[in-house]
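Please walk through the structure shown below with attention to how its charged side chains pair, how its strands are ordered, and where its nonpolar side chains and open space lie.

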Amino acid sequence: MGVTRPQWQVLSALRRHEGIKQGGLAEILEVEPITAGRMIDRLQEAGLVERRPDPADRRVWRLCMTDRGRELLDQIRPLGDETSEMAFEGVSQSDRLQLYETLVKVRANLARRADAEDCAS
């Protein structure tokens with residue numbers, strides 16, 4: 001469909017957080033701000049995302065999807081749903097929920113450890 005998995009993640013995050021700042025997007029994606037900036041650059045060049053000035057702070061840009069970006073995400077969504085269904089075939093809804101909750105805990109544990117290591121440095 002012309003986008004990479006990380007670009008798809010950016011578009012999905014922007015749909016949920018329209019108008020977010022680049023730094024906030026980087027936090028959501030768990031990447032460095034410069035990495036998020038490069039991804040946004042490519043998506044902007046493709047006409048899928050645009051940077052708009054923040055009315056309260058001229059140093060800040062707000063990130064917004066274009067109509068073309070929204071249309072592409074709408075086209076990609078069924079493929080993601082199909083892939084998820086294939087991956088979870090035969091797994092009950094309760095097991096899916098338990099897996100999700102467990103992964104959220106694991107992620108939180110790792111984030112806490114990383115934060116503690118950052119402070120120890």
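In this predicted model, the side chains of Asp67 and Arg70 meet in a salt bridge, with N and O 3.1 Å apart. Both residues belong to helix H4 (residues 67-87), where they are three residues apart, about one turn of the helix. Asp67 counts as exposed because its relative accessibility of 55% is over the 50% cut-off, whereas Arg70, at 28%, counts as partly exposed. The pair does not stand alone, since salt bridges that share partners join Glu18, Asp67 and Arg70 into one network.

A search of the whole structure finds nine salt bridges, and another of them is formed by Glu30 and Arg107, whose closest N and O atoms are 2.6 Å apart. This pair links distant parts of the chain, for Glu30 lies in the loop between helix H2 (22-29) and helix H3 (33-45), while Arg107 lies in helix H5 (residues 93-120), 77 residues apart. Glu30 is exposed, with a relative accessibility of 56%, and Arg107 is partly exposed, with a relative accessible area of 46%. As a general matter, side chains of opposite charge can pair when their charged atoms come close.

A further salt bridge brings the discussion to the strands: the side chains of Asp54 and Arg62 meet with 2.8 Å between N and O. How accessible is Asp54, buried or exposed? Asp54 counts as buried, because its relative accessibility of 8% falls under the 20% limit, whereas its partner Arg62 is partly exposed, with a relative accessible area of 28%.

Asp54 is part of strand E2 (49-54), and this residue stands opposite Asp57 in E3. E2 and strand E3 (residues 57-65) pair in the antiparallel sense over six bridges. Three strands form an open sheet in the order E1-E3-E2, with antiparallel pairing, and its edge strands are strand E1 (20-21) and strand E2, each of which pairs on one side only.

From the sheet, the reader may turn to the nonpolar interior. In soluble globular proteins, nonpolar side chains tend to be buried together. The largest nonpolar core has 16 residues, among which Val10, Leu11, Leu14, Leu25, Ile40 and Val49 touch the most other members. The elements that give two or more residues to this core are H1, H3, E3 and H4, and H1 gives the most, with four residues.

Which elements each supply at least two residues of the lining of the largest pocket? Helix H1 (5-16), H4 and H5 do so, and thus H1 and H4 are named both for this lining and among the elements that give two or more residues to the largest nonpolar core. The pocket has a volume of about 850 Å³ and is lined by 18 residues, of which Gln9, Arg77, Ser84, Phe88 and Tyr100 lie nearest its centre. Sorted by class, the lining holds six nonpolar, five polar and seven charged residues.

Conventions
Residues numbered from 1 in each chain as written. Predicted model: local features only at pLDDT ≥ 70, side-chain atom pairs only at ≥ 80, totals over all residues. Heavy atoms only, no water. Salt bridge = Lys/Arg side-chain N within 4 Å of Asp/Glu carboxyl O. Buried < 20%, exposed > 50% of the residue type's maximum accessible area, 1.4 Å probe, protein only. 1 Å grid on protein atoms, 1.4 Å probe; cavity = no way out; pocket = protein on both sides within 12 Å on 5 of 7 lines; lining within 4 Å. Points joined across faces, edges and corners; volume = space filled by probe spheres on them. Nonpolar A, V, L, I, M, F, W, Y, C, P; charged D, E, K, R; others polar. Pairing = 2+ DSSP bridges. Core = buried A, V, L, I, M, F, W, Y, C linked by side-chain atoms within 4.5 Å.
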